Amino acid sequence: MKSSVAPSEGIPLQKTIPIKQTKRFRWLLISLVFLFLSLFLLIPLVAIFVEAFSQGLDVYFEAITEPYAASAIQLTLLVAAIAVPLNLLFGVVASWCLAKFDFPGKNFIITLIDLPFAISPVISGLIFVLLFGTQGLLGDWLIAHNLRIVFAVPGIVLATVFVTFPFVARELIPLMQSQGIQEEEAATSLGANGWQVFFRITLPNIKWGLLYGVILCNARAMGEFGAVSVVSGHIRGETNTIPLHVETLYNEYNFTAAFAVASLLTLLALITLIVKGFVEWKTKQSENESQSEIG
């Protein structure tokens, strides 16, 4: 006779899902993902380059090298070159304070860092117009001192910094919190000062997360449209960034030139994804090495 063990009361029997059903469900999900990506990502990306090169290489290079396009490219690079280092500095300082120290108002500061994620970029631009415009709160003072913020490069930089400053901080805060403060405390107990602790302990531990945040910040800074559109004034050749120049060309029905300039931002996005994937791979590799050393 074969003995059977009755299940305990109150413990439900576990039912195994047939392998064929799990495979079908898995392939169904994978197919839906690829269908979604094809419709909303791959096909639009291909369409951008097809339209950009539809009239040949000569027309393409003429569109991205003509004076207005060159000015937009230079301004975009200038704004990113200013905004990204500022956000890098703020992100490191803010994340170090929030992750390593306890103080009153800590949660409030974290909420303020997340504010640009919750506010529409257009509203962000309007905030700077209300502050620094000729009819704004500081308008009379700026006019008296012959300073120009709105409809000039400083306004574009301020709007870009505001929209992009959470990226580095939000990447580093959870990373630093997960690492704890044991290594820093050990270094301090051995006589290391604050700078030595940061450059020899903290920075090596966050370097890949820091690079990841900088990559995302740079991509958003170059591609920002809403806030920059409000504060720039759309002065062609002076305050038009690449996204604004694309809009101007499109409104003029110059579709080939618009897609040609848009392809530059698309290439930037693709490069960002490649670098992002590399950083994620290096981050996982360093985590695995740390776990193996601990083990």
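Modeller: In this predicted model, Thr76, Leu77, Ala80, Val84, Asn87, Leu88, Val92 and Trp96 of α3 meet α11 residues, among them Gly194, Phe198, Leu210, Val214 and Met222.

Colleague: What makes these residues count as meeting?

Modeller: Contact means heavy atoms within 4.5 Å. By class, the contact of α3 with α11 has twelve nonpolar and five polar residues, and no charged ones.

Colleague: Why are α3 and α11 called oblique to each other?

Modeller: Helix α3 (residues 67–100) and helix α11 (residues 194–223) pack at about 140°. Roughly antiparallel needs over 145 degrees, and roughly perpendicular runs from 65 to 115. The angle of about 140° fits neither, so the pair is oblique. Their axes are 9 Å apart. The crossing of α3 past α11 is right-handed.

Colleague: Which residues have the most contacts inside the largest nonpolar core?

Modeller: Ile113 and Ile156, in a core of 21 residues. Helix α8 (153–164) is one of the elements that give two or more residues to this core. The largest share, six residues, comes from α8.

Colleague: What does Ile113 touch?

Modeller: Leaving out residues up to four places away in sequence, Ile113 touches Phe90, Ala94, Leu98, Phe165, Pro166, Ala169 and Ile173. A second, separate core has 15 residues, including Val168, Leu172, Phe198 and Ile206.

Colleague: Why is Val50 called exposed?

Modeller: Its relative accessible area is 53%. Exposed means over 50%, so Val50 is exposed. Val50 lies in helix α1 (residues 19–52).

Colleague: How far is Val50 from Ala260 in space?

Modeller: They are 9.5 Å apart, C-alpha to C-alpha, and 210 residues apart in sequence.

How values were computed. Residues are numbered from 1 along each chain as its sequence is written. This is a predicted model: local features need pLDDT of at least 70, side-chain atom pairs count only at pLDDT 80 or more; totals for chains, interfaces and linings use all residues. Side-chain values use heavy atoms; hydrogens and water are left out. Helices (H or I, at least four residues) and strands (E, at least two) are DSSP runs, numbered from the N terminus. Buried means under 20% relative accessible area, exposed over 50%, partly exposed in between (1.4 Å probe, protein chains only). Axes are lines fitted to C-alpha atoms, for helices over the stretch in contact, and angles run from 0 to 180 degrees between N-to-C directions. Angles under 35 degrees count as roughly parallel, over 145 as roughly antiparallel, 65 to 115 as roughly perpendicular and the rest as oblique. A crossing is left-handed if the near helix is turned anticlockwise from the far one by less than a right angle, and right-handed if clockwise. Ala, Val, Leu, Ile, Met, Phe, Trp, Tyr, Cys and Pro count as nonpolar, Asp, Glu, Lys and Arg as charged, and the others, Gly among them, as polar. A nonpolar core is a set of buried Ala, Val, Leu, Ile, Met, Phe, Trp, Tyr and Cys residues joined through side-chain atoms within 4.5 Å.
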